[in-house]
Amino acid sequence: MQAVQISKKGTDVPFYLPQRDECDVFNAAYRGQMPLLLKGPTGCGKTRFVAHMAAVLGRPLYTVACHDDLSAADLIGRYLLKGGETEWVDGPLTRAVREGAICYLDEVVEARKDVAVVLHPLTDDRRMLPIERTGEVLEAGPQFMLVASYNPGYQNILKTLKPSTRQRFIAIDFDFPPAEREIEIVVRETGLGRERVAQLVRLAGKLRALKGQDLEEGVSTRLIVYCANLIEGGMPIERAIRVALIEPLSDDADIKQGLIDLVATVYG
Ligand SMILES: Nc1ncnc2c1ncn2[C@@H]1O[C@H](COP(=O)(O)OP(=O)(O)OP(=O)(O)O)[C@@H](O)[C@H]1O
Ligand SMILES: [Mg+2]
């Protein structure tokens with residue numbers, strides 16, 4: 001588990017180019033004290049979006065990368081031994097509630113089942129966080145917000161949110177940005193010239209069309225940013241495409257050859 005505190009009011013707002021109206025939805029959720037669920041494929045901008053909105057709203061951000069061993073205690077806190085004494089130490093969720101921060105649970109479906117029990121009273125109109133071990137019951141103030149994300153593409157039947165959990169959130173469905181916006185993002189992130197970025201984005205569009213047939217997930221905006229960074233740093237285009245857009249997608253020699261053939265249709 002890791003908790004990272006990122007932003008305070010006025011400190012640099014991370015660059016985020018909206019895909020649609022997601023900033024308005026986030027703002028409305030924040031003002032309406034509603035938890036927000038972000039759904040979408042890997043590398044499409046969910047984490048950047050949350051970092052951006054936290055900075056815009058001037059709230060500290062606690063990010064928790066959920067994994068299959070993450071328990072309620074990891075979020076809430078635990079007694080730790082310190083110099084022979086036991087001392088209560090808040091977990092990131094408790095800290096966020098106390099401070100009126102944004103708590104971002106990344107890949108929330110991975111977390112253990114007892115996490116849902118903790119989230120339920122916090123994500124309905126009670127907005128309460130009972131801390132069983134200390135007997136404290138915290139009430140979340142108007143500045144606290146819970147944001148969770150997951151990638152519906154990975155889920156199997158065992159790993160979906162229960163309706164009683166998911167119906168406590170309003171939800172935004174993310175996808176990769178439209179081509180013009182994605183070009184803008186990659187140019188801003190890497191400084192590579194627009195023409196060369198446009199060609200990479202065109203290639204990414206073709207690679208994404210293979211999703212479902214040969215590939216589990218389409219090439220992400222993150223990988224295009226990597227690729228453009230490598231090219232901007234001086235790597236030959238063909239090599240950058242190979243290491244950033246082909247090898248990360250598949251281990252299968254035939255599939256990789258198919259992808260390389262596709263590259264030739266854009267760069268041929
Ligand atoms: N709308 C956007 N504005 C600015 N940068 C973006 C945007 N979308 C994607 N990016 C770029 O893509 C990279 C990956 O985005 P991010 O890490 O937010 O993805 P993610 O959806 O959280 O992925 P994962 O599900 O794997 O955690 C960012 O570091 C940023 O460079
Ligand atoms: Mg992320």
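This briefing describes the surroundings of ligand 1 and the pairing of several strands. The structure is a predicted model. Ligand 1 sits in the largest pocket, where 16 residues surround it. Away from the topic of the ligand, the briefing turns to strand E2, which pairs with both E9 and E10, and to the hairpin of E7 and E8.

**The shell around ligand 1**

- Among the 16 residues around ligand 1, those that come nearest are Leu17, Thr42, Gly43, Thr47 and Glu189.
- Sorted by class, this shell consists of 7 nonpolar, 5 polar and 4 charged residues.
- Three helices each supply at least two residues of the shell: H2 (46-57), H7 (179-190) and H9 (221-232).

**Polar contacts and cover of ligand 1**

- Thr47, one of the residues that come nearest to the ligand, has a polar side-chain atom 2.7 Å from an oxygen atom of ligand 1.
- Arg222 also offers its side chain, with a polar atom that lies 3.0 Å from an oxygen atom of ligand 1.
- Cys44 takes part through its backbone: a polar backbone atom of this residue is 3.2 Å from an oxygen atom of ligand 1.
- On its own, ligand 1 has 640 Å² of accessible area, and the protein covers 89% of this area.

**Strand E2 and its two partners**

- Strand E2 spans residues 36-39 and pairs with strand E9, residues 145-150, in the parallel sense over 4 bridges.
- Within this pairing, Leu36 stands opposite Val147 of E9.
- E2 also pairs in the parallel sense with strand E10, residues 170-173, over 4 bridges.
- Here Leu37 has Ala171 of E10 as its bridge partner.

**The hairpin of E7 and E8**

- Strand E7 (residues 128-131) and strand E8 (residues 136-139) run in the antiparallel sense and are joined over 4 bridges.
- In this pair, Leu129 of one strand faces Leu138 in E8 as its opposite residue.
- The hairpin has 4 residues between its strands, and Gly135 takes a positive phi near 80 degrees.

Key
Residues numbered from 1 in each chain as written. Chains lettered and ligands numbered in written order. Predicted model: local features only at pLDDT ≥ 70, side-chain atom pairs only at ≥ 80, totals over all residues. Heavy atoms only, no water. Near = heavy atom within 4 Å. Polar contact = N/O pair within 3.5 Å; in protein donor to acceptor, adjacent residues only side chain to side chain. Areas by Shrake-Rupley, 256 points an atom, 1.4 Å probe, with all protein chains shown as cover. 1 Å grid on protein atoms, 1.4 Å probe; cavity = no way out; pocket = protein on both sides within 12 Å on 5 of 7 lines; lining within 4 Å. Sits in = over half its atoms within 2 Å of the grid points. Nonpolar A, V, L, I, M, F, W, Y, C, P; charged D, E, K, R; others polar. Pairing = 2+ DSSP bridges.
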